[in-house]
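This report describes a structure in terms of its helices, their packing and its cysteines. The sequence and the model are shown first, and the description follows.

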Amino acid sequence: MQELLVIYRHEDEGRLVSEVGSLNGFRVRATTEPATALLWLEAREFAAAFIHCSVSAIERHRLATALWHRRPEAPLVLYDLTIDGEVSITRDPLPGADFIAGEEALSSLSSVLQGVASRQETARREVLIVEDLDASRDIICACVESSRITVCGVGSGKEALELLHAAPTRFSCVVSDVRMPEMDGRELIARIRADLELKHLPIIVLTAFSSADALTECLSAGATGFLLKPPKIKDLQREIERGFRILERGGDPRLLRGKGVHLLKEALVGKGFV
């Protein structure tokens, strides 16, 4: 039986979230203490983790590192049963995590677990890498392939769109550089989001520029996540696996919308991104 980790704030909340896990066939380990949860994660493999948004940003990162060290594809969800989802997603965002909040939170958490339970590990999942520099593209492709994921690399946004239009269901995720000639990453994202057959695809952007404007422009266009170049293998794998989870359960591939993008830009500027 697969195990689910739950960190809750109040007893009633813990009972409700734990019931979601049990009803979906998971053995649930629940606690209010992040330190206890970290010990569990370091000792055993969990199929998923639901962490209350009240857990501090530092503790979230420690818990995520421990979870993904043993099982990189495991979904990590920051949740709150009471507040608006857009508020929670802009509060100390954790790359690779999902954010679920509000009245439909329990139903959404159940959907996450259903996706884990039904996931076919042998299913063919292919990632499209878009990078105009040959050496960088080869390195990124090698990083993805090291995770036993099929990969296809192209040198331009135009080539990427041609492949995507020719076979709209072939790829499960797109990883694209931001700065490219003729068609940059932002335009590629916008074109994918405008296509009815492709708009559901997760898109991870890679940028060598730690610029708040560059990142938020891509997020405004509809990016699912972002990483600074050169990405660490574990970080890249984590973001791609998150994209797979979003695709599998038909979730919104956009990391942020509207006000959320503006709030993230303010947070990035406040932390020294220019």
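## A buried arginine in helix α6

Helix α6 contains R137. The model is a predicted one, and in it R137 has a relative accessible area of 14%. This residue therefore counts as buried, the cut-off being under 20%.

Which residues does R137 contact, leaving aside its neighbours within four places in sequence? The partners of R137 are I129, E131 and D132, together with G153, V154 and G155.

## Packing of α6 against α10

Helix α6 spans residues 134-145, and helix α10 spans residues 233-248. The axes of these two helices come within 9 Å and cross at roughly 70 degrees. Because angles of 65 to 115 degrees count as roughly perpendicular, α6 and α10 are described as roughly perpendicular to each other. The crossing of α6 past α10 is right-handed.

On the α6 side, the contact is made by I140, C143 and V144; on the α10 side, I233, L236 and I240 take part. How do the residues of this contact divide into nonpolar, polar and charged? Six are nonpolar, while none is polar and none is charged.

## Cysteines and the absence of disulfides

The structure holds zero disulfides. In general terms, a disulfide is a covalent bond between the sulfur atoms of two cysteines. Here the criterion for such a pair is that the sulfur atoms lie within 2.5 Å.

Why is C141 not bonded to C152? The closest cysteine sulfur to that of C141 is in C152, at 7.7 Å, and this separation is too far for a bond. Taken from the other side, C152 is in no disulfide, and its nearest cysteine sulfur is that of C141, 7.7 Å away.

Are these two cysteines buried or exposed? C141 has a relative accessibility of 11% and therefore counts as buried. C152, at 16% relative accessibility, also counts as buried.

## The chain as a whole

The chain comprises 274 residues, of which 51% count as buried. Its secondary structure includes 11 helices and 10 strands.

Contacts across the chain can also be sorted by sequence separation. Among those between residues at least 6 apart in sequence, 69% join residues at least 24 apart.

Notes:
Residues numbered from 1 in each chain as written. Predicted model: local features only at pLDDT ≥ 70, side-chain atom pairs only at ≥ 80, totals over all residues. Heavy atoms only, no water. Buried < 20%, exposed > 50% of the residue type's maximum accessible area, 1.4 Å probe, protein only. Axes fitted to C-alpha atoms, helices over the stretch in contact; angles between N-to-C directions. Helix = DSSP H or I, 4+ residues; strand = E, 2+ residues; numbered from the N terminus. Parallel < 35°, antiparallel > 145°, perpendicular 65-115°, else oblique. Left-handed = near helix turned anticlockwise from the far one by under 90°. Contact = heavy atoms within 4.5 Å. Nonpolar A, V, L, I, M, F, W, Y, C, P; charged D, E, K, R; others polar.
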